[in-house]
Amino acid sequence: MNDLDKFREDTKNWLDKNCPPSMRSGADPTIPVDEVWGGRNAKYKNPESKIWLDRMGEKGWTMPTVPKEYGGGGLTKEEVKVLNEEMFVIGAKSPLLSFGIWMLAPVLLEYGTEEQKKEHLPKIIKGEIRWCQGYSEPGSGSDLASLATKAEDTGDTFLVNGQKVWTSYADKADWIFALVRTGPKEPKHDGISFLLIDMETKGVTTKPITLISGKSPFCETFFDDVEVPKGNLIGELNAGWTIAKKLLQHERAFISNFGLAGAVAGAGSGRDVVSIAKKRLGEENGKIKNSFYRSEIASHKIKEHAFGLTLKRAGDEGGKASATASMFKLYGTEHNKKRHELMVAASGVDGLAWDGDEFDENDKNLTRAWLRTKGNSIEGGTSEVQLNVISKRVLGLPTQ
Amino acid sequence: MKLVLTEEEQFLKDTAKSFADERSPITHFRSLRDHNDPLLWDQDLWNEMTKLGWPGILIPEEYGGSDFGITGISVILNECAKTLTPSPLFATGVIGAYSITNFGTEEQKQKYLPKIVNGELTTSLAIDESSHHNPANTEIIAKKEGSNFIVNGKKTFVIDGASADLIILLARTSGNKGDMAGLTLFLVNSDSKGIDKIKLDMADSRNYANINFSEVEIPDSNILGDLETGGETVEDILDIGRIAMASEMLGNAEAAFEMTLDYLKQRKQFGVLIGSFQALQHRAAEMFCEIELTKSSVMGAMKAADEGSNELQRLSSLAKTVAGETLHLVSNEAVQMHGGIGVTDEYDIGFFLKRARVAEQIFGSSKYHTERYANLSGF
C-alpha cells in the first residue's frame, strides 16, 4: 500500500469515527441546521455542529494545506484531494464558513510576520475568532483607494478614526482586517496600510444595515479614537494597497465560485429554474410548456454550462492571474442574478412572496435570495470595475 | 476529461498558424473572390495541406492517415479560419474522412480513404433540402429497383458541392418527412448520370451547390453504414462536423476581435485613441469574455468527441450555439467599431461578417442547437 492509499484508509476511518451523523448527508431533517461561522460568541442550535468544528479544527483540516506549525493540516495537494473525496463520499458538511479562511489567511501566509502567523492562523483554523472585512467607506466604493479612515502614529499605537461600511457580519465578528490611511500626504494608493483590529477595543461600534431583501448581513462600523497596537500592522507601512488587491482576488474568486456552487446546490434543493418552470408553467412530453420561458431558460443553461467548462479549463491549465479572476467574478455574479430572475419570473406572483402563512416557505426564501443577488455584482468590485480591469490589464486598452 | 491540448495537438495548431500566416493570409482569399475562381479554393494550397498530412488526420494509419483525432483537425481549422483560408479540409478532411472511416465497409475504406489522404478525392455531404437545417425533414427518395436505388429530388446548400468528387447523400428509403427513421446514407460519384450541380453564389464567397438528382442509379454496395440507420449515423457525423465548424468559427471570432482591438489602439478621434473610451472598452471586455467561454465550450466538445463521451451530443450543440452567438456578436461589433472603413469592401473586416452568418447556418443555427440542447437535457 502506498502512502496515499494509507492516508485514504486512515482518513476514511477517522471520518467514520469523528463526523457526527447530523453532519452527513441523509441526516434527520428535524435536527436544526447551523450556519457555522465560529467565533467568541458562536451559538449552536445543534451541539454536533460544534463537535464537528472542534474535531476538524484540531486536525487543522479546515485549512488542510496550511503547515502544521500554524495549526493547519500540513497536507499535500494530493492528500487534500483524497480528504475532499472521502468527505464527499459520506456527504460531510463543511465544518466552518469563514472570511478568515477565504480572505485573511492567504494574506497572512504571504505577508504576515512569523509572530502574526502563529498568533492568528490557529484561531482562524479552529474557528475561535470570527473575522470581518473593513474595506469600503461611505465615500469609497468602486474608488476604494480614496478611503479616509485614518490611523495616526502616536508612538506605541495607531489611533484610528473613521467609518467603514458594508462590513459583512461586523456585529457578530471578533476582529476586523481593515484598510486605513497612514500616509495622508502620499499619493492615494501609497498611503494605505493593512491593519488588524480587535472589535472589543474601546471606540469600535457597529450598526446593522437592512437590505432590500429585509435581511442585515452587512453593518456600518465606526472607529472613534480606537487604540491599536503597532504589532497589528500587516506588511510594510503604506504598502497596504498591494495586500488589498491580492485579497480582492481571493474575494472575487470566492464570490464567483459562490455563484456556480449556487447553481449546483440549487439543482438538488428544488430551487432549480427547470423544476420551478415545469411545476409552475406545466410540462408537456418532458418539456417546459411555455416556449418563451423554455428558450430563455435554455439560453441561460447553455451560458452557465460554458462558464462551468471555463472554470474547469482554468483549473486544468493550472490557474492564471488576476485577469481570469475578474472574468469569473463578472460572470459568476451576473449568471447568478440571471438565474434568480428566471426563477422568480417562472414562479409568477408566488416568486414575489414576502411574508405570511399564505405563501410557501421556499417562495418566501426565493424572493429574499433574488433580492440578495443584486448585491453580488456590486460587492467585491462592481461588474463595471471588472470590465475596466479586463480592458486595461488584459486587453491593454489605453487610459485617457 | 482534461480541457487542455496535448503536445501533439499544440504542435498541429502551431504548424497550422505558421501555414495560414505565411501561405494563406487574407489576401489569398480576397484574390480568389476577386477572380471569380470557379473552385473558390486553390488547388496548389490544397496540395500543400495534403503534404502536411491534414486530410488524413482522422484516418487510421493502415489507410495512410495519422489518426490524430477530432481535436487535432479542429485546431487546424481554427488557425486556418483566422485568415479565412478556403479549402476542402472541412468537407473532405472532417466529414468525408470521419464518415467513411467510421461507417464505411472495408471495401469502401480501401477505395476512398487513401485517395482522401493523398488529396486526390474531395467529398461533400448533401443533407439539407430547404433554407433551414433539419435532417428529419429529408424528402428526397431513394427507391429500390433490383440491386440499385433510384434517386430523384434536390439537395440544397451542399458545402463544396460545386466541385466535390464524391457526394455523401442522405435520402429517404421509407417513412415520411419529419421522421429520423427510414433514412439511409449513400456514397455517390458526383459525375454519375442524372446529377446536375448548380454552383451557388453566396455572401461568404465559398464553394456551395444545389444538386439535382434525376433518375440517378446507385448500387446497393454504395450504402454507407446500414440501410435505414442513416438518421443515427448522420447525427453522429453531423455532431463531429458541428464541433469542427465551431472551432473554425472560434478562429473567425478570435481574428476579428484581434483586428478590432488593434484598430482601437491605433485610431484617433477627438485627439485621443478611441480605445480609451469606456463605451468601447466595456464592449471589448465582454467580447473577450465571450471568446474565453467559446474556447472552453469548443475544447469540451472536441475532447468529448475524442474520448467517446456520452455527453458528446449535448456538448456539440453547446459548442455550435456558443460559437454561433459569440461570432455573431463579435462580427457585428467588429464592423461597428471600425466605423466607416468597416463597411467598405476594401477593408477585410467585412469578410468576417459575411463568413460568420453563413457559418452560423451550417449544420444548424444557434437557435436550432439551443432547442436540441434543451431536448437532450430533459426540459
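This passage walks through a predicted model of two chains, A and B, from their shared contact down to single residues.

A good place to start is the contact between the chains. It takes 32 residues from chain A and 31 residues from chain B. On the chain A side, the elements that each give two or more residues are α7 (273-281), β10 (287-288), α8 (291-316), α9 (322-347) and α11 (383-394). Of these, α8(A) gives the most, with 14 residues. Sorted by class, the side of chain A that touches chain B has 16 nonpolar residues, along with eight polar and eight charged ones.

Chain B can be read next in terms of its domains. The domain assignment divides chain B into domain 1 (7-121), domain 2 (125-228) and domain 3 (231-377). The centres of domain 1 and domain 3 of chain B, taken over C-alpha atoms, are separated by 21 Å. Contact between these two domains of chain B involves 20 residues of domain 1 and 21 residues of domain 3. Three helices of chain B give two or more residues to the domain 1 side of this contact: α2 (26-34), α4 (69-82) and α5 (89-103). The largest share, eleven residues, comes from α4(B). In composition, the domain 1 side holds 13 nonpolar, five polar and two charged residues.

Helix α3 of chain B, residues 43-51, shows how a helix can have two unlike sides. Its buried residues are W46(B), M49(B) and T50(B). Seen down the axis of α3(B), these buried residues fall within an arc of 100°, and therefore they line one face of the helix. What do the buried residues of α3(B) pack against? Their partner is α5 of chain B. The face turned away from the buried side carries D44(B), N47(B) and K51(B), which are exposed. After α3(B) comes G53(B), a residue with a positive phi near 85°.

Backbone angles draw attention to two further residues of chain B. Most residues other than glycine have a negative phi. E228(B) is not a glycine, yet its phi is positive, at about 65°. This residue sits in the loop between β8 (223-224) and α7 (230-264) of chain B. E228(B) counts as partly exposed because 16 other C-beta atoms lie within 10 Å, a number between the limits of 12 or fewer for exposed and 20 or more for buried. F270(B), also a residue other than glycine, has a positive phi near 55°. Its place is the loop between β9 (268-269) and β10 (272-273) of chain B. Is F270(B) buried or exposed? F270(B) is exposed, because it has 9 C-beta neighbours inside 10 Å.

Two residues of chain A complete the picture. A42(A) belongs to the loop between α1 (3-18) and α2 (47-59) of chain A. With 17 other C-beta atoms within 10 Å, A42(A) is partly exposed. Although 85 residues separate A42(A) and G127(A) in sequence, their C-alpha atoms are 9.4 Å apart in space. V204(A), in turn, is found in strand β6 (residues 204-209) of chain A. V204(A) has 18 C-beta neighbours inside 10 Å and so counts as partly exposed. Leaving aside residues up to four places away in sequence, V204(A) touches I197(A), M199(A), T221(A), F223(A) and V226(A). From V204(A) to E137(A), the separation is 67 residues in sequence and 15 Å in space, C-alpha to C-alpha.

Methods
Residues numbered from 1 in each chain as written. Chains lettered and ligands numbered in written order. Predicted model: local features only at pLDDT ≥ 70, side-chain atom pairs only at ≥ 80, totals over all residues. Helix = DSSP H or I, 4+ residues; strand = E, 2+ residues; numbered from the N terminus. Domains from an automatic or database assignment. Contact = placed C-beta atoms within 7 Å. Nonpolar A, V, L, I, M, F, W, Y, C, P; charged D, E, K, R; others polar. Arc of directions from axis to C-beta.
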